[in-house]
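Biologist: I should like to learn how to read the packing of helices in a model of this kind. May we go through it feature by feature?

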Amino acid sequence: MKKDKPLSPHIQIYRPQLTSVLSILHRVTGLTLVMLSFCISAWLLTGVYGPEYYQDYIAILSHPLMRPFSFLALFAFFYHLFNGLRHLLWDTGWGLDLKTAYKTGWSVVALSIGLTLIFWISF
Amino acid sequence: MDLMKTPRSLGPAREGPSHWWHQRISSIALAPLGLWFVISLVFHPDLKTYDGFQAWMTKPTHCIALLLLVLSLFYHGYLGLQVIIEDYIHHCLTRITLLLSAKFACIAGAVSSIFCVFKLALSS
């Protein structure tokens, strides 16, 4: 059996930075959005199965207890969208210096929270 | 610097850049499509009732946009899942199983959605 090779501590040692936190958040929101994609498939299926199923599905999504989750879902979408655009800008070579990365990083967070609130309140 | 641009060999997988590029292409497609979809879900009163939803689904632009969304979404999603699984799962058999499951699940999700769009668009 292959022996487990020891790993130096990293998460307990390194101070979280905007860069690293936003990076892992991009991955986490991406994962969340994959799960939400299946919710979209389910939504379409309820449409095919009939009005009772469709109304029930919409009722669940609109239920007060679901409000925190709809907030998180909208945030996942907007954050992944805006940070995704930031990634695409990086791919062109722009904005990779620390100062710009911090500026764009905070802008992404602000835009994401702002738009999430607008859409969440309207939903 | 130019010596760094051309790879000496393709590496054991013989492929890799295409994954990176396809991820970018699908993300560019998803930006407007995703935004359109979320705006429709939140701001279109039609979609809260079954009759409104049926009426909404008879419009060709909605159906075509939905189809494009579903295809780009599950493709982009699978590419992302692949990276995550490859990053964290080190046990070979578990990794292969998870990768295959993810792939099949995304294909199933996409095919199911495409079927539903056609069924809803063409009925009544």
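**Reading helix packing**

Modeller: We may begin with a helix and its surroundings, bearing in mind that this is a predicted model. The cover over the buried residues of α4(B) includes α1 of chain A, together with α2 (50-57) and α3 (60-88) of chain B.

Biologist: Which residues of α4(B) are buried?

Modeller: They are B:Leu99, B:Ala102, B:Cys106, B:Gly109, B:Ala110, B:Ser112, B:Ser113, B:Cys116, B:Val117 and B:Leu120. As a general idea, an α-helix has 3.6 residues a turn, so residues three or four places apart point the same way.

Biologist: How does one judge the span of helix α4 of chain B against what its residues should give?

Modeller: One compares the distance between the end C-alpha atoms with the span expected at 1.5 Å a residue. For the 31 residues of helix α4 (residues 92-122) of chain B, that span should be 45 Å, and the ends are indeed 45 Å apart, which agrees. In chain A, helix α4 (residues 98-122) has 25 residues and reaches 36 Å from its first C-alpha to its last, close to the expected 36 Å.

Biologist: Against what do the buried residues of α4(A) pack?

Modeller: Their partners are α1 and α3 of chain A, together with α1 (17-43) of chain B. The buried residues include A:Thr100, A:Val108, A:Ser112 and A:Phe119.

Biologist: At what angle do α1 and α3 of chain A pack?

Modeller: An angle is read together with the distance between the axes. Helix α1 (residues 18-49) and helix α3 (residues 67-92) of chain A pack at about 125°, with their axes 9 Å apart. That angle makes α1(A) oblique to α3(A). Their crossing is left-handed. By class, this contact has 9 nonpolar, 8 polar and 1 charged residues.

Biologist: What are the corresponding values for α1(B) and α3(B)?

Modeller: Those two helices pack at an angle of about 140°, and their axes are 8 Å apart. α1(B) is therefore oblique to α3(B). The crossing of α1(B) and α3(B) is left-handed, and the residues of their contact divide into 13 nonpolar, 11 polar and no charged.

Biologist: How do α3(A) and α1(B) cross?

Modeller: The same reading applies to helices from two chains. The axes of α3(A) and α1(B) come within 10 Å and cross at roughly 145°, and the crossing is left-handed. Among the residues making the contact are A:Leu74, A:Phe77 and A:Phe78 of α3(A), with B:Trp20, B:Ile28 and B:Leu35 of α1(B). By class, the contact has 11 nonpolar, 2 polar and 2 charged residues.

Biologist: Turning to single residues, is A:Tyr79 buried or exposed?

Modeller: One reads the relative accessibility, and under 20% counts as buried. A:Tyr79, in helix α3 of chain A, is at 0% and therefore counts as buried. Setting aside residues up to four places away in sequence, A:Tyr79 touches A:Leu22, A:Leu25, A:His26, A:Thr29, A:Gly84, A:Val108 and A:Ser112.

Biologist: Why does B:Leu33 count as buried?

Modeller: B:Leu33 belongs to helix α1 of chain B and counts as buried because its relative accessibility is 14%. Apart from neighbours within four places in sequence, B:Leu33 is in contact with B:Ala65, B:Leu68, B:Leu69 and B:Ser72.

Biologist: How far apart are B:Leu33 and B:Leu73 in sequence and in space?

Modeller: They are 40 residues apart in sequence and 9.2 Å apart in space, C-alpha to C-alpha. For A:Tyr79 and A:Ile40, the separations are 39 residues in sequence and 19 Å in space, C-alpha to C-alpha.

How values were computed. Residues are numbered from 1 along each chain as its sequence is written. Chains are lettered from A and ligands numbered from 1 in the order in which they are written. This is a predicted model: local features need pLDDT of at least 70, side-chain atom pairs count only at pLDDT 80 or more; totals for chains, interfaces and linings use all residues. Side-chain values use heavy atoms; hydrogens and water are left out. Axes are lines fitted to C-alpha atoms, for helices over the stretch in contact, and angles run from 0 to 180 degrees between N-to-C directions. Helices (H or I, at least four residues) and strands (E, at least two) are DSSP runs, numbered from the N terminus. Angles under 35 degrees count as roughly parallel, over 145 as roughly antiparallel, 65 to 115 as roughly perpendicular and the rest as oblique. A crossing is left-handed if the near helix is turned anticlockwise from the far one by less than a right angle, and right-handed if clockwise. Ala, Val, Leu, Ile, Met, Phe, Trp, Tyr, Cys and Pro count as nonpolar, Asp, Glu, Lys and Arg as charged, and the others, Gly among them, as polar. The expected span of a helix is 1.5 Å times one less than its number of residues. Buried means under 20% relative accessible area, exposed over 50%, partly exposed in between (1.4 Å probe, protein chains only). Contact means heavy atoms within 4.5 Å.
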